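Q: Could you take one part of this model and walk me through it slowly, as you would for someone in a first year of study?

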Amino acid sequence: MGILLKVIQLLLALSILVTVHELGHFLFARLFKIRVDKFFLFFDVGGKALFRFRPKRSETEYGVGWLPLGGYCKINGMVDESLALEGLESEPKPWEFRSKPVWQRFLVMVGGVLFNVLLAMLIYGGIAYHWGVEKLPMKEVDSCLKYSSVGHQMGLQDGDLPIAVDGQELAYFEGSILQEIANGETLTVEREGKRVEVAIPVDFMRAVLASKEPFFAMDLPARIDSIVPSSAGAAAGLQRGDEIIAINGEAMDRLSLVLPKIKELRGDTISLSILRGGAQEEIRSYVDKEQGVGIAFTPPTKLFKTEKLEYGLLESIPVGVREAGKQLNNYTDQLKYVATPEGAQSLGGFGTLGSLFPSTINWHAFWAMTAFLSVILAVMNILPIPGLDGGHIMFLIYEAITGRAPSLKWQTRLQIFGMILLILLVLYANINDVIRFLL
């Protein structure tokens with residue numbers, strides 16, 4: 001059930017993102033009176049679709065394809081991913097994409113990316129308005145951080161508390177900390193009441209990626225916060241609030257020990273020693289190969305004193321803008337590692353994306369992840385690769401500079417090259433998922 005919920009959430013999020021992205025292209029095209037032949041969620045490969053319709057007196061056919069790998073907006077008079085060139089050798093018609101000024105075509109092509117960024121701002125703002133923003137002050141984390149081999153090699157000790165990077169205070173424990181450390185030269189930590197300066201290696205992020213382990217982790221108690229219905233843990237009788245203190249007779253009561261052990265024992269039946277209501281009990285549970293025991297542990301926000309910020313409707317707008325901008329900056333900054341061997345190995349496909357969603361219904365987590373994926377989609381689509389929006393924008397920039405568009409022959413060749421490259425990247429990322437699952 002947990003895996004199914006993840007798949008449903010991923011499909012729902014991608015459907016929202018693709019629809020909004022293509023809507024950006026569509027609305028700018030219609031604004032400039034460019035004819036749009038088709039607007040589809042998912043691909044109708046072979047001309048087959050789950051649903052299609054054309055409103056009366058409409059030039060556009062709307063539908064839902066059967067292949068859930070994206071969507072498309074077929075704009076008349078444009079060399080797109082379909083590589084349909086019929087009629088493009090003739091003189092441009094007034095309603096065609098190619099007949100419009102460069103600046104209008106530029107806005108049409110950038111519209112999808114723009115709408116994804118706006119959607120991320122809207123969602124982050126909506127989250128701030130509905131749920132507020134909960135932050136964990138760094139001082140609350142105290143000395144519970146444990147570091148990986150990379151951290152130990154650079155001179156960090158378990159229990160060190162990061163408090164500044166290059167003199168800039170780290171006020172809160174949040175997801176951007178690792179990127180801030182990677183971009184800095186000196187990390188200041190608090191160690192046994194004293195401030196200690198630690199040099200950050202130039203190849204810090206590459207080393208973290210190569211290690212295939214988190215740079216740091218909170219050494220928290222292994223207390224169960226929720227259980228996936230119909231999971232192995234639910235069948236075994238585990239309950240919210242149970243605290244694991246041993247596995248197969250081996251004492252371990254911290255997440256840093258419990259999580260790797262459960263992963264190691266996938267496919268086996270294990271004995272869990274738990275504390276429930278002050279009494280110790282023994283429970284045997286199967287460890288599913290895909291979802292493990294099917295339990296989620298209590299997060300730091302429920303174990304530490306956090307700061308909860310509430311926002312009104314108007315106040316939430318700049319919060320959404322700032323958060324979307326922050327995520328854009330962080331993700332763009334991380335792209336430079338993709339070209340490295342370590343970064344390439346960390347690429348993930350649909351399995352990785354699906355694993356980011358909770359295995360239970362949690363609307364806050366769903367919308368936060370959807371906003372983040374909207375940022376990813378915007379950044380990936382603006383890359384100057386033929387087949388992506390950035391590739392079309394690259395053609396338009398070339399035309400604006402030289403005064404002439406690339407020939408249809410070259411546009412077609414580059415589109416084919418770009419599509420092959422993108423297909424190979426998708427295959428590579430999903431093969432990585434399979435390898436990680438098998439290992």
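A: What follows is a close look at one helix, with a second helix and a sheet described after it. The model is a predicted one, and the part chosen is helix α14, which covers residues 389-402. With 14 residues at 1.5 Å a residue, α14 should span 20 Å, and because its end C-alpha atoms are 20 Å apart, the expected and the computed values agree. The buried residues of this helix are Asp389, Gly390, Gly391, His392, Ile393, Phe395, Leu396 and Glu399, where buried means that under 20% of the relative accessible area is left. Just after α14 comes glycine 403, which takes a positive phi of about 85°.

Helix α2, at residues 102-130, can be read in a similar way: it has 29 residues and reaches 41 Å from its first C-alpha to its last, close to the 42 Å expected at 1.5 Å a residue. This helix α2 bends by about 45° at glycine 111, and it is followed by glycine 132, whose phi is also positive, near 80°.

Turning from helices to strands, the model has an open sheet of four strands in the order β14-β13-β15-β16, and their pairing is antiparallel. Its edge strands are β14 (250-251) and β16 (279-286), each of which pairs on one side only. Strand β15, residues 269-276, is joined to β16 by eight bridges, and these two strands run antiparallel. Within that pairing, leucine 272 stands opposite isoleucine 283 in β16.

How values were computed: Residues numbered from 1 in each chain as written. Predicted model: local features only at pLDDT ≥ 70, side-chain atom pairs only at ≥ 80, totals over all residues. Heavy atoms only, no water. Expected span 1.5 Å × (residues − 1). Buried < 20%, exposed > 50% of the residue type's maximum accessible area, 1.4 Å probe, protein only. Pairing = 2+ DSSP bridges. Bend = angle between axes of the 7 residues up to and from the residue.
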